[in-house]
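Colleague: I should like to go through this structure with you. May I put some short questions as we look at it?
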Amino acid sequence: MNTFLVQKQNVLTAKTKLQENVSGPFFFILILCLCSPVPVAAQQKVVGYYASWKSGSLPPNKVSYAHLTHINVAFIYPLSEGSLASLDGGIPFPQLVNSAHATGKKVLIAVGGATNSSFFPAATQTAATRSVLINNMVDFLQTNGYDGIDIDWEVPANTAQTAQLTAFVQELRARFNQVNSSWLITMAVPPTHFGGQHFEYAQLADHVDWFNVMCYDFYGSWSGFAGHNAPLYQHPSDPTNAGADSVSVAYMLSRGVPKSKFVLGIPFYAVQFNAPGLYQKMTNTATSNPGYQDVVNNLGAGWRYHWDSVAQVPYLLSANSTQFISFEDTNSVKRKVDFSVRQQLAGVMIWELSQGLMNNGSQPLLEVIGREAGKVTSMGERVPLPARFQLFGNYPNPFNSETVIRFSLPQASLVSLRVFDVGGREKGVLLDEMCPAGIVSVPFDASDSFLSSGVYFYQLAVQDQRRSNKLVLIR
């Protein structure tokens, strides 16, 4: 199945149709959209962190390997002299490693963590201590059959530690190339400058297979306000300008991280605040982290569901409006995978798998992620071919000022795609062409058009059938 790229030779026909309806800047914007190439997505990684201390609730035989590409077992951690220790004296979960390998998936050992990174500075201070640490890592991988190391140093605190981390990663890669060049090196890294300022991303990117960007904890007990744990887009009303997934992508790209090595973090945990609503002041700093099952239980107990159409994430308010919960649902995680595909990122990462487990054993958040990521093949094609044509929601929506309209065709067809205002007046023709079977993506940039903020509709006509969706433009 082919992804349709609007070709320049089609522009003349589109121009004729368009001039009947619009003129001025809007015309030129649409023509540019028709000529713009549509990004082709690579195979999406789905990296799930497996919390060793949660193995009682999610044993290895209950892990949904089909929806994952990589599993990071957390945590072991370095001691000052370069030896390795584990949280519970255990790990390595041979059943998990064997089951993952049997299904063609890879398993990495995560080293460090938020509460176990204190010895990284000492363990990487000199070439001698780094050599000891690297030797111990090699021994661990050889002994236990793991496929690589996920470095989770949270976080280097100064320029000296910055240099130590870079030297350590360079030396680790050199050693892996000698012993087993297929071993992976990944890194869990912060999503903003506050935590990431002491990472030399451009230099690290030459030696790291990818970065697991921890795009969560944008709001927490320290914030003073209740807010989204992991917004896809930053809301203009955010009183702290805490950031968002899209902001993190821009930040990491500016620091030298290629999109092909950016893995977008998605939290399976929620954050509960003592506050009367979104961006309202917290009545105290206590927060908690309920899992997805807990959030579902609250929905059944009278909590009110809200969807933030700008940030593209949901939240709950208690019946008495004193408690606020930021969380992920199947809608928001689907949008994040779609965002990763559209932005041509390497994939998504989950912290952590057990928090998405339901009492009946199902894992709906992971299932949606795996299903959406699995629709992308290594050639960037979407499968399977639909039985009938479909019009998808534009993304993002609301938008300012760019969005993408997508639809699928079971066979080559004559297609018309038009934009209307709420009064039914036609505002533009985006397509009036013969399109091949497959996914069609039409970018729409309204930044210089005459359209004002408001609600519009786009209508897809295929032969004698029509589908319409709403789009919201914010100027």
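Colleague: In what order do the four strands of the open sheet lie?
Modeller: Please note that this is a predicted model. The order is E19-E18-E21-E22, and the strands pair in the antiparallel sense.
Colleague: Which are the edge strands?
Modeller: They are strand E19 (426–435) and strand E22 (465–473), each of which pairs on one side only. Neighbouring strands of this sheet are turned by 15 degrees against each other on average, with direction ignored.
Colleague: How many bridges join E18 and E21?
Modeller: Strand E18 (residues 413–421) and strand E21 (residues 454–462) pair over seven bridges. As an example, Val415 has Val462 in E21 as its bridge partner.
Colleague: What holds such strands together, in general?
Modeller: Strands of a sheet pair through backbone hydrogen bonds, either parallel or antiparallel.
Colleague: Let us turn to the interior. How many residues has the largest nonpolar core?
Modeller: That core has 103 residues, and Tyr146, Ile151, Met187 and Phe211 have the most contacts inside it. Helix H5 (residues 127–144) gives the most to this core, with six residues.
Colleague: What is Met187 in contact with, leaving aside its neighbours within four places in sequence?
Modeller: Its contacts include Ile151, Leu165, Phe199, Trp210 and Phe211. Apart from this core lies another, of 23 residues, among them Phe399 and Tyr458.
Colleague: And helix H12, how many of its residues are buried?
Modeller: Eight of the 11 residues in H12 (residues 364–374) are buried, including Leu365, Ile369 and Glu372. The buried residues of H12 pack against several elements, among them strand E2 (45–51) and helix H11 (330–342).

Terms used: Residues numbered from 1 in each chain as written. Predicted model: local features only at pLDDT ≥ 70, side-chain atom pairs only at ≥ 80, totals over all residues. Heavy atoms only, no water. Buried < 20%, exposed > 50% of the residue type's maximum accessible area, 1.4 Å probe, protein only. Helix = DSSP H or I, 4+ residues; strand = E, 2+ residues; numbered from the N terminus. Contact = heavy atoms within 4.5 Å. Core = buried A, V, L, I, M, F, W, Y, C linked by side-chain atoms within 4.5 Å. Pairing = 2+ DSSP bridges. Axes fitted to C-alpha atoms, helices over the stretch in contact; angles between N-to-C directions.
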